[in-house]
Amino acid sequence: MTDIFTPSRIKELEIKNRIVLPPMVAFTFAQEGGFVSEENINHYEQMAKGGAGLIIVEATCVNHKGKLSKDQLEIWDDKYIDGLSKIVKVCHENDSKVFIQLHHAGLRTSEDVTEDIVSSWDYDDGKRTARALTIEEIHKIQDEFVNAAVRAEKAGFDGIELHGAHGYLMTQFFSLKVNKRTDKYGGSLGNRMRIALEIIEKIKSKVRPDFVIGIRMGSNENSLEASIEMAKEFEKYVNYLHISTGFDNTPLDVELPDDFPCNWIVYGGTKIKENVDIPVVVVNSIKTKEQIEYLLANDLADFVAVGRSQLADPSFVNHIKNQEEINKCINCRPCKWYRDGRKCPARVR
Ligand SMILES: Cc1cc2nc3c(=O)[nH]c(=O)nc-3n(C[C@H](O)[C@H](O)[C@H](O)COP(=O)(O)O)c2cc1C
């Protein structure tokens, strides 16, 4: 029976256990200009020492005009490779595999960064506005993702994760709520996925064969059924799927089984897992050993991502291994880590 410490593989990459640190920005840690700081390095070193088999480094922007926050890490130029390679080194030295999440915020780009905010289509919800990208601009952004992946490989990462979740640019193409294009990047599911599929194909042609490519996507993108269709299509292109929420947080229209010990976001991940043959990572508010064991033992997930609970207790995995008490995340709303990780009230210093 699969348990937390049963090693597994994504493509050929062996991962020592089933716990993933999901991508989580630590805005106050980056240096001016989006460079990796000592604090970023120490943060990931502490996470790797804590025992996670796979670390996915936070959303890192492929274009400085698509930044979520001016404090975000960047990867749009070769000058970032050296700093990022130091994160890779501390993860590998501590026996964790490491990917990096590649990101463009689209209509959620910070107004501190640019006034020219772009999306799949003209957008105005009364709070945010964006203009539709031209085809030439879509191609430029695709190249930026590809070049970022090549830099990630040069920095020593074991793989990349495309950020196709949480309302950012890719979801703005996937979602019918935003994407009203009538050209080859809008309309049918295949057309709405095209931006991502073309990026993946180009990345594959430029990186070594064993470099891992995955995508984070929602199980609620348009509907669960539509998300399953998306996942089945992505399965032909990527090495793993990381299932969270899509353009927005609209809950799935399904009833959870009485004995299911997690929320609807995790449940959506398990439904995708049922329909694909590549590894699936599930996530959201998973905080206990018992929840993780349930998901693995029942073959509902291949990997379990534990976010805030590892921020609150960087030794979360080792504590489980050694049967020691976990220092519990207390669910601050919003998580203090968005503003300053040093202020996490649960964190053991
Ligand atoms: C401080 C913070 C930063 C986050 N940054 C990212 C990010 O960079 N990319 C991403 O896809 N999700 C991000 N998320 C979402 C997490 O990856 C994860 O999906 C979410 O926290 C739910 O999992 P959890 O309950 O185990 O924390 C962030 C969450 C937090 C709390």
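**Exercise 1. Which residues come nearest to the ligand, out of the 23 around it?**

Solution. Keep in mind as you work that this is a predicted model.
- Step 1: start from the ligand and look at the 23 residues around it; Pro22, Ala59, Gly307, Arg308 and Trp337 come nearest.
- Step 2: now see which elements give two or more residues to that shell: strand E4 (54-61) and helix H9 (308-312).
- Step 3: sort the shell by class, and you get 12 nonpolar, 8 polar and 3 charged residues.

**Exercise 2. Work out how the chain as a whole is built, and say why it counts as being as compact as a globular protein of its length.**

Solution.
- Step 1: go through the secondary structure, which comes to 10 helices and 13 strands.
- Step 2: take the radius of gyration, 19 Å, and set it beside the 20 Å that the globule rule gives for 349 residues; the two are close, so the chain is as compact as a globular protein of that length.
- Step 3: put a box around the C-alpha atoms along the principal axes, and it comes out at roughly 55 × 45 × 40 Å.
- Step 4: check burial, and 50% of the 349 residues turn out to be buried.
- Step 5: look at the contacts with a separation of 6 or more; 70% of them are between residues 24 or more positions apart.

**Exercise 3. Find the largest nonpolar core and pick out the residues with the most contacts inside it.**

Solution.
- Step 1: the largest nonpolar core has 110 residues.
- Step 2: Val20, Ile55, Leu241, Val281, Val282 and Val304 have the most contacts within this core.
- Step 3: ask which element gives the core its largest share, and you land on helix H3 (residues 135-155), with 8 residues.
- Step 4: zoom in on Val304. Skipping residues up to four places away in sequence, Val304 touches Arg18, Ile19, Val20, Val282, Ile286, Ile292, Leu295 and Leu296.

**Exercise 4. Decide whether the faces of strand E11 are covered or open.**

Solution.
- Step 1: count along E11 (residues 240-244), where 5 of its 5 residues are buried.
- Step 2: recall that side chains in a regular strand alternate between the two faces of the sheet.
- Step 3: split E11 that way. Tyr240, His242 and Ser244 sit on one side, Leu241 and Ile243 on the other, and all are buried, so both faces are covered.
- Step 4: look for a partner. Strand E10 (residues 212-218) pairs with E11 in the parallel sense over 5 bridges, and Arg216 stands opposite His242.

**Exercise 5. Lay out the order of strands in the open sheet that has 3 of them.**

Solution.
- Step 1: the order reads E6-E8-E7, and the pairing is mixed.
- Step 2: find the edges. Strand E6 (118-119) and strand E7 (123-124) each pair on one side only.
- Step 3: check E7 against E8 (residues 129-132): they run antiparallel and are joined by 2 bridges. Tyr123 has Ala130 in E8 as its bridge partner.

**Exercise 6. Sort Thr270 and Glu255 into buried or exposed.**

Solution.
- Step 1: Thr270 lies in helix H7. Thr270 has 20 other C-beta atoms within 10 Å, so Thr270 is buried.
- Step 2: leaving out neighbours within four places in sequence, the contacts of Thr270 are Val282, Leu300 and Ala301.
- Step 3: Glu255 sits in the loop between E11 and helix H7 (264-275). With 9 other C-beta atoms within 10 Å, Glu255 is exposed.
- Step 4: try two distances, C-alpha to C-alpha. Thr270 and Asp299 are 29 residues apart in sequence and 8.7 Å apart in space, while Glu255 and Lys70 are 185 residues apart in sequence and 40 Å apart in space.

**Exercise 7. Track down some unusual backbone spots.**

Solution.
- Step 1: start from the rule of thumb that most residues other than glycine have a negative phi, and most peptide bonds are trans.
- Step 2: Ser285 has a positive phi of about 55°. Ser285 is in the loop between strand E12 (280-283) and helix H8 (289-297), and is partly exposed, with 15 other C-beta atoms within 10 Å.
- Step 3: Asp299 also has a positive phi, near 55°. Asp299 is in the loop between H8 and strand E13 (303-305), and counts as exposed with 12 C-beta neighbours inside 10 Å.
- Step 4: for the peptide bonds, look at Arg333 and Pro334, which are joined by a cis bond with omega about -10°. Pro334 is in the segment after helix H10 (316-321).

Note on methods:
Residues numbered from 1 in each chain as written. Predicted model: local features only at pLDDT ≥ 70, side-chain atom pairs only at ≥ 80, totals over all residues. Core = buried A, V, L, I, M, F, W, Y, C linked by C-beta atoms within 7 Å. Helix = DSSP H or I, 4+ residues; strand = E, 2+ residues; numbered from the N terminus. Contact = placed C-beta atoms within 7 Å. Near = placed C-beta within 6 Å. Nonpolar A, V, L, I, M, F, W, Y, C, P; charged D, E, K, R; others polar. Rg over C-alpha atoms; globule rule 2.2 N^0.38 Å. Pairing = 2+ DSSP bridges.
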